[in-house]
Amino acid sequence: MSDIEIRDDRAAGRLEALGDGEVVGHIEYFVLESPARALVPVHTVVEPAHEGKGIAGSLARELYAVAEREGIPVAPLCPYVVKWAERHPEAAPPADPELLAAAKDWLRAHPGKF
């Protein structure tokens, strides 16, 4: 895919990758407010016809860039984002264990949200 645009739909909790006018992938996330503000990615999805084109990695990189611009950390619960962060420590600082625990607690308290 040559041209992909990534947009942050904060109200929906989705970072979306658009190609040719359609959503071809997304990361679902929420904003943790306590004990500190953080972006918490929960799921990464790429449409089957667009797999293997680097879309998921572009989404993960942009998620960390958004967090950096906002001056907040990322507390990844999404297995893909966790692996991506391990492979790209220059772009993805390690998550604070306290924030990860709080994010897991939030997710348990909101069943059916994701």
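# Exercises: cores, helices and single residues

The largest nonpolar core holds 22 residues, and those with the most contacts inside it are Leu 15, Leu 39, Ile 55, Leu 59, Leu 63, Tyr 64 and Val 74. A nonpolar core is a set of buried Ala, Val, Leu, Ile, Met, Phe, Trp, Tyr and Cys residues joined through side-chain atoms within 4.5 Å. Buried means under 20% relative accessible area, exposed over 50%, and partly exposed in between (1.4 Å probe, protein chains only).

This is a predicted model: local features need pLDDT of at least 70, side-chain atom pairs count only at pLDDT 80 or more, and totals for chains, interfaces and linings use all residues. Residues are numbered from 1 along each chain as its sequence is written, and side-chain values use heavy atoms, with hydrogens and water left out.

**Exercise 1. Find the elements that give two or more residues to the largest core.**

Step 1. Recall the rule for elements. Helices (H or I, at least four residues) and strands (E, at least two) are DSSP runs, numbered from the N terminus.

Step 2. List the contributors to the core of 22 residues. They are strands S2 (14-19), S3 and S4 (38-46), with helices H1 (55-70) and H2 (79-87).

Step 3. Pick the top contributor. H1 gives the most to this core, eight residues.

Step 4. Look for another core. A second, separate core has ten residues, including Ala 75, Leu 77, Leu 99 and Ala 103.

Step 5. Try one core member. Leaving aside neighbours within four places in sequence, Leu 63 is in contact (heavy atoms within 4.5 Å) with Leu 15, Tyr 29, Leu 39, Pro 41 and Val 74.

**Exercise 2. Describe how H1 and H2 cross.**

Step 1. Choose the quantities. Two packed helices are described by the angle between their axes and the distance between the axes.

Step 2. Read them. The axes of H1 and H2 come within 10 Å and cross at roughly 75 degrees. Axes are lines fitted to C-alpha atoms, for helices over the stretch in contact, and angles run from 0 to 180 degrees between N-to-C directions.

Step 3. Classify. Angles under 35 degrees count as roughly parallel, over 145 as roughly antiparallel, 65 to 115 as roughly perpendicular and the rest as oblique. H1 and H2 are therefore roughly perpendicular to each other.

Step 4. Name the residues. From H1, Ala 56, Gly 57, Ala 60, Arg 61 and Tyr 64 meet Tyr 80, Val 81, Trp 84 and Ala 85 of H2.

**Exercise 3. Is His 26 buried or exposed?**

Step 1. Locate His 26. It sits in strand S3 (residues 22-32).

Step 2. Apply the cut-off. His 26 counts as buried because its relative accessibility is 8%.

Step 3. Check polar contacts (N or O atoms within 3.5 Å; within protein, one must be able to donate a hydrogen and the other to accept it, and residues adjacent in sequence count only if both atoms are side-chain atoms). The His 26 side chain makes one of 3.3 Å with the side chain of Arg 14. Another, also 3.3 Å, joins it to the side chain of Glu 28.

**Exercise 4. Which loop holds Asp 20, and which holds Pro 35?**

Step 1. Place Asp 20. It lies in the loop between S2 and S3.

Step 2. Inspect Asp 20. Its phi is positive, about 55 degrees, although it is not a glycine. Asp 20 is exposed, because its relative accessible area is 78%.

Step 3. Place Pro 35. It is in the loop between S3 and S4. A cis peptide bond joins Ser 34 to Pro 35, with omega about 15 degrees.
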